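Subject: Handover of a protein structure

Dear colleague,

Please find below the structure that I am passing to you. A summary of what was found in it follows, and I should be grateful if you would read the two together.

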Amino acid sequence: MVSLASGSVGEIFAIPVSEWTAINKRVGEVLATQNVKDYIPSVLSGYPDLLNSCLQWQSYTFSGLVENSQKISAYSAQAISDFGSLNAKVKEVVQSGGQTLPDNLKQETIDLLKKLSTSTAPIAAQSNLLSSDVINFLKCNSIVDIQMAKFKGSLDVFWEPLGNNIKVLEDAVGHVTGVWNAITNDLEHLLSLPVIVTIPFIESLNLDVAIASWQDIQVQAKAFPAMTAGQEQYWTNPF
């Protein structure tokens, strides 16, 4: 069965703003230690990697997530329009008692699947790249959190461990990566074969379910930039 969409790709955009605030405050706290960055590694060996990941978060990762959400919102809106129209036309044929689809609907189905595959590939690639950056950021934080617990008394500067905030973001990123890969692979495999468009084939695409998923994704992705607006303030004022 081909998977055209999954609401899981929007999970990262549904994370509450309180979680993003905790994470961005951590970034600010780490950036604020740069004046003693030569001392901290003697106590926290993972600090240089953490600092680098926070600098990347500041310069690219977080803004990349916002940009990605905007692209996914537009992508979802287009998919809803394209496949919503196709779905309505196919249902009209079925409801009128038709047993086969007219040639123009068969070609439209193939064209839309190709269009979806073409538009999915860059979205998935950007999402996977960002997910890799986020995972590295979370890994660096986890390592330093463990080291801080051991050497808390030796540090003049200390911040609270992210703990559950890391787990929430880590779970969402893992789902996003897996699902985008599955959708991309399904579409590529489907279009590598001769596609015979029939009513049962259209039914196997579960267009009602896919459209509902795209609608959920669009709502979450569209809301993300506004929800996280102003988070950058914590990079310079985390306390």
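The helices named in this message are DSSP runs of H or I with at least four residues, numbered from the N terminus. In that numbering, Asn206 lies in the loop between helix 5 (199-204) and helix 6. I shall return to this residue after the overall description.

Please note that this is a predicted model. The average pLDDT of the protein is 91, and 95% of the residues reach at least 70. Among the elements, the highest mean pLDDT, 97, belongs to helix 6 (residues 207-227), while helix 4 (residues 164-191) has the lowest, 88. As a general caution, predicted coordinates should not be read in detail where pLDDT is low.

Overall architecture

The secondary structure consists of seven helices and zero strands. Along the sequence, this gives the pattern α-α-α-α-α-α-α. The C-alpha atoms fill a box of roughly 75 × 30 × 25 Å along the principal axes. The radius of gyration is 23 Å, whereas a compact globule of 239 residues would have one near 18 Å.

Of the 239 residues, 46% are buried. The accessible surface amounts to about 11,700 Å², and carbon and sulfur atoms contribute 55% of that area. Among contacts with a separation of 6 or more, 86% are between residues 24 or more positions apart.

Asn68

Asn68 is part of helix 2 (residues 47-95). Is this residue buried or exposed? Asn68 counts as buried because its relative accessible area is 4%, and the cut-off for buried is under 20%. The side chain of Asn68 forms a polar contact of 2.8 Å with the side chain of Gln126. When neighbours within four places in sequence are set aside, the residues in contact with Asn68 are Phe13, Ile123, Gln126, Ser127 and Leu130. Gln126 thus appears both in this list and as the partner in the polar contact.

Asn206

The loop residue Asn206 has a phi near 50°, which is a positive value in a residue other than glycine. In general, most residues other than glycine have a negative phi. Asn206 is partly exposed because its relative accessibility is 32%, and the partly exposed class lies between 20% and 50%.

I would suggest viewing Asn68 in helix 2 and Asn206 in its loop alongside this text.

Yours sincerely

Technical notes:
Residues numbered from 1 in each chain as written. Predicted model: local features only at pLDDT ≥ 70, side-chain atom pairs only at ≥ 80, totals over all residues. Heavy atoms only, no water. pLDDT = per-residue confidence, 0-100. Helix = DSSP H or I, 4+ residues; strand = E, 2+ residues; numbered from the N terminus. Buried < 20%, exposed > 50% of the residue type's maximum accessible area, 1.4 Å probe, protein only. Polar contact = N/O pair within 3.5 Å; in protein donor to acceptor, adjacent residues only side chain to side chain. Contact = heavy atoms within 4.5 Å. Rg over C-alpha atoms; globule rule 2.2 N^0.38 Å. Areas by Shrake-Rupley, 256 points an atom, 1.4 Å probe, with all protein chains shown as cover.
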